[in-house]
Amino acid sequence: MRKYPFRAVTVATKEVGRYRTITSVEEAGDFLAHDWPTEKGATHLKARIACLDAMERAVGVSTAREAFIDAAKESGIYVGEGELAR
């Protein structure tokens, strides 16, 4: 069960047809920790910290969501609002 949901974000890596919809702080943190397809830099670290902070209620989930989006964009990962139709 997701404890920290947020407005869905769809990310796609450079491999054709590979996308994932992120709907919570937990999913964003998992993607950052285990599925990040590019080099990890300062913005990636900031996003991971924001996700951890959101789970500790030190920052809002919207802060973690925005940090995740910023890191993805900086890394060249496609980011779209909402879920992709299946």
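These notebook entries record what I looked up in the structure, from the whole chain down to single residues.

**Entry 1. The model and its fold**

I noted at the outset that this is a predicted model. I then listed the secondary structure of the protein chain and found three helices and three strands. Read from the N terminus, I recorded the order of the elements as β-β-α-α-α-β. I next compared the radius of gyration with the globule rule: the chain has 12 Å, close to the 12 Å that the rule gives for 86 residues, so the chain is as compact as a globular protein of that length. Along the principal axes, I found that the C-alpha atoms fill a box of roughly 35 × 30 × 20 Å.

**Entry 2. Burial, contacts and charge**

I looked up burial over the whole chain, and 41% of the 86 residues count as buried. For the surface, I recorded an exposed area of about 5400 Å², of which carbon and sulfur atoms supply 51%. I then turned to contacts between residues with a separation of 6 or more, and noted that 50% of them join residues 24 or more positions apart. For charge, I recorded 13 positive and 13 negative side chains, with the centres of the two sets 2 Å apart.

**Entry 3. Helix H3**

I examined helix H3, which covers residues 61–74 and has 14 residues. From its first C-alpha to its last, H3 reaches 20 Å, close to the 20 Å expected at 1.5 Å a residue. Which residues of H3 are buried? I listed Ala64, Arg65, Ala67, Phe68, Ile69, Ala71 and Ala72. I kept in mind that an α-helix has 3.6 residues a turn, so residues three or four places apart point the same way. I also looked up what covers the buried residues of H3, and the cover includes strands E1 (5–12), E2 (19–24) and E3 (78–81). Helices H1 (25–35) and H2 (42–55) are likewise included in that cover.

**Entry 4. Two buried residues of H3**

I selected Phe68, which lies in helix H3. Is Phe68 buried or exposed? Phe68 has a relative accessible area of 0%, so I recorded this residue as buried. Leaving aside neighbours within four places in sequence, I found Phe68 in contact with Val11, Ile22, Ala28, Phe31, Leu32, Trp36 and Ala47. I also recorded the separation of Phe68 from Asp53: the two are 15 residues apart along the chain, and their C-alpha atoms are separated by 13 Å.

I then selected Arg65, also found in helix H3. Arg65 is buried because its relative accessible area of 3% is under the 20% limit. With neighbours within four places in sequence left aside, I found Arg65 in contact with Phe6, Arg7, Ala8, Val9 and Glu81.

**Entry 5. After H3**

I moved on to Ser75, which is found in the loop between H3 and E3. Ser75 has a relative accessibility of 18% and counts as buried, because the limit for burial is 20%. Not counting residues up to four places away in sequence, I found that Ser75 touches Trp36, Thr38 and Glu39. Ser75 and Thr13 are 62 residues apart along the chain, and I recorded 9.8 Å between their C-alpha atoms. Just after H3, I also noted that Gly76 takes a positive phi of about 80 degrees.

**Entry 6. Lys40 and Arg48**

I looked up Lys40 in the loop between H1 and H2. Its relative accessible area is 47%, and I recorded Lys40 as partly exposed. Apart from neighbours within four places in sequence, Lys40 is in contact with Leu32 and Ala33. Lys40 and Ala71 are 31 residues apart in sequence, and their C-alpha atoms are 9.0 Å apart in space.

I then looked up Arg48, found in helix H2. Arg48 is partly exposed, with a relative accessible area of 36%. Which residues does Arg48 touch, not counting those up to four places away in sequence? I found Leu32 and Ala33. From C-alpha to C-alpha, Arg48 and Asp30 are 9.1 Å apart, with their positions 18 residues apart in sequence.

**Entry 7. Arg57**

I finished with Arg57, which lies in the loop between H2 and H3. Its phi is near 65 degrees, a positive value in a residue other than glycine. With a relative accessible area of 69%, Arg57 is exposed.

How values were computed. Residues are numbered from 1 along each chain as its sequence is written. This is a predicted model: local features need pLDDT of at least 70, side-chain atom pairs count only at pLDDT 80 or more; totals for chains, interfaces and linings use all residues. Side-chain values use heavy atoms; hydrogens and water are left out. Helices (H or I, at least four residues) and strands (E, at least two) are DSSP runs, numbered from the N terminus. The radius of gyration is taken over C-alpha atoms; the globule rule is 2.2 Å times the number of residues to the power 0.38. Buried means under 20% relative accessible area, exposed over 50%, partly exposed in between (1.4 Å probe, protein chains only). Contact means heavy atoms within 4.5 Å. Accessible areas come from the Shrake-Rupley method with a 1.4 Å probe; for residues, only the protein chains shown count as cover. Lys and Arg count as positive and Asp and Glu as negative; His and the chain ends are not counted. The place of a charge is taken as NZ of Lys, CZ of Arg, CG of Asp or CD of Glu. The expected span of a helix is 1.5 Å times one less than its number of residues.
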